[in-house]
Amino acid sequence: MTMNTAGKTTLHSVVPGRSALQKRARRWVIKIGSSLLTQDGQRLDLSAMQNFVQQILRLRAEDIEVVLVSSGSVSAGKCHLGWAQRMTTAEERQAAASVGQSALIHAYENLLAEGGTHCGQILLTRDNFRDRKRLKKTRSAIEMLLKMQILPIINENDAIADLDNALGNNDHLAALVSNVWHADLMVLLTDQSGLFTADPRAQPDAEMITEGIAGDPRYERMVGGSGGTVGTGGMLTKIHAATHAARAGAATLIADGRIPDVLLRLHKGALLGTFLRSGKFDRKLRRDAWTRLQIHHGQQWMIHPMRRVKNEVDVFCSETRPVTAIPIFNGR
Ligand SMILES: Nc1ncnc2c1ncn2[C@@H]1O[C@H](COP(=O)(O)OP(=O)(O)O)[C@@H](O)[C@H]1O
Ligand SMILES: N[C@@H](CCC(=O)OP(=O)(O)O)C(=O)O
């Protein structure tokens, strides 16, 4: 913050830090990858699922709306069918997804019932995002469930997806859902701490990126494929998803879902994982969010209205001596 001789206070940086953004995000899309939901890519890991469900219920108790995008149907189906071998045809994958999806949703429903609530399953393909009418239908399905305090659990409809309508991975699906539903934050939970400068399985000395801008072209050169046997897209689909979600203003967090209470800690502003800002959201914040400034005059704090000039905030003060100013975000 600087002050010129005319007694004009200019606040140069009005975009809050990631911690503040995490605390303020009210609409979360949370995507959980197969590697976190299954034990070694085999049967569903019910205790891990219970842990995620409990965290989501606690977020909801804090007035956060949550939409869950859950992978796991193909792995669960393979296990149910006793298929140890690798699937070779698209039809086998479809069958595994069909069987596994019902097991997956049954497990979620049982876990949510313990918390006195339900889930609503929504299975989508690319077709559901093709035109305005179908987009509206997708959004209204999500919103109705939320209004009824039911947790929407979304997956790709792999049982019927074909070359024309397949999305291919749930990172992409989570980004589409974030855009349709106007999420503030998309959390991609995976089996690594975040995005590293190289695949940490191949390069153990790679460093984690803690914060950046979604769409930064340097990230594409850092990622390798999926490291495990169950995940599909690796980090590449996650950074593409972040770029996509950012277009509608959602920030993305890529974090390790095995960290105890990871979602709750993120909500408290903890600096875990990789935070990828949406440039669009930042611009919107500069434009809309700061409504007044609290300014320290002598012994008193006073509220000043403010004036915006381009992307900066100007405040006229009656006094010429330096002041301390705290921006007020949307009235808070
Ligand atoms: N630059 C990178 N940073 C972190 N992980 C990476 C990177 N490049 C590739 N990966 C791999 O991506 C994997 C996570 O993606 P994936 O297996 O598809 O998980 P999920 O099932 O959670 O979507 C990691 O286990 C890791 O080996
Ligand atoms: N729709 C598929 C998951 C596809 C997918 O993106 O998997 P992952 O990389 O583990 O998140 C399933 O339910 O098995």
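**The helix pair**

Task: State which residues of α6 meet which residues of α7, then describe how the two helices pack.

Solution. Start with the contacts, meaning heavy atoms within 4.5 Å. On the α6 side they involve Leu135, Thr138, Arg139, Ile142, Glu143 and Leu146. On the α7 side they involve Val177, Val180 and Trp181.

A note on the source comes next. This is a predicted model: local features need pLDDT of at least 70, side-chain atom pairs count only at pLDDT 80 or more, and totals for chains, interfaces and linings use all residues. Residues are numbered from 1 along each chain as its sequence is written, chains are lettered from A and ligands numbered from 1 in the order in which they are written, and side-chain values use heavy atoms, with hydrogens and water left out.

Now place the helices. α6 covers residues 132-147, and α7 covers residues 170-181. Helices (H or I, at least four residues) and strands (E, at least two) are DSSP runs, numbered from the N terminus.

Last, the geometry. Two packed helices are described by the angle between their axes and the distance between the axes. For α6 and α7, the angle is about 80 degrees and the axes are 9 Å apart. That makes α6 roughly perpendicular to α7. Axes are lines fitted to C-alpha atoms, for helices over the stretch in contact, and angles run from 0 to 180 degrees between N-to-C directions. Angles under 35 degrees count as roughly parallel, over 145 as roughly antiparallel, 65 to 115 as roughly perpendicular and the rest as oblique.

**The whole chain**

Task: Give the counts of helices and strands, and the share of buried residues.

Solution. The protein has ten helices and 15 strands. It has 332 residues, and 49% of them count as buried. Buried means under 20% relative accessible area, exposed over 50%, partly exposed in between (1.4 Å probe, protein chains only). Next, look at sequence separation. Take the contacts between residues at least 6 apart in sequence: 71% of them join residues at least 24 apart.

**A covered strand**

Task: Decide whether the residues of strand β9 are buried or exposed, and find the strands that pair with β9.

Solution. β9 spans residues 251-256, and six of its six residues are buried. Ala251, Leu253 and Ala255 point one way, while Thr252, Ile254 and Asp256 point the other way. Residues of both sets are buried.

Now the pairing. Two strands pair if DSSP finds at least two bridges between them. β7 (residues 185-190) runs parallel to β9, with six bridges. Here Leu189 has Ala255 as its bridge partner. β10 (residues 274-277) is antiparallel to β9, with three bridges. Ile254 faces Thr274 in β10.

**Listed sites**

Task: Locate Ser71 and Asn170, two of the positions in a UniProt "binding site" list, and trace their contacts.

Solution. The unreviewed UniProt entry lists Ser71, Asp158 and Asn170 for "binding site". These three are spread over 100 residues of sequence, yet they cluster in space, with a largest C-alpha distance of 10.7 Å. UniProt positions are given in the numbering used here, feature names are shortened, and annotations may be inferred rather than shown by experiment.

Take Ser71. It lies in the loop between β4 (65-70) and α4 (73-80). It counts as buried because its relative accessibility is 9%. Beyond neighbours within four places in sequence, its contacts include Lys31, Asn155 and Asn170.

Take Asn170. It sits in helix α7. Its relative accessible area is 8%, so it is buried. Setting aside neighbours within four places in sequence, Asn170 contacts Lys31, Val69, Ser70, Ser71, Asn155 and Glu156.

Both lists include Lys31. Lys31 belongs to strand β3 (residues 27-32). It is buried, at 5% relative accessible area. The UniProt record gives Lys31 under "binding site" too, in an unreviewed entry. Among the other positions there are Thr190, Asp191 and Lys238. Lys31 touches Lys238, one of several partners more than four places away in sequence.

**An enclosed helix**

Task: Explain why α4 is largely enclosed by the rest of the structure.

Solution. Count first: six of the eight residues of α4 are buried, so the helix is largely enclosed. They are Ser73, Val74, Ser75, Ala76, Gly77 and Lys78. These buried residues pack against α2 (34-37), α5 and β6 (151-156). After α4 comes Gly82, with a positive phi near 70 degrees.
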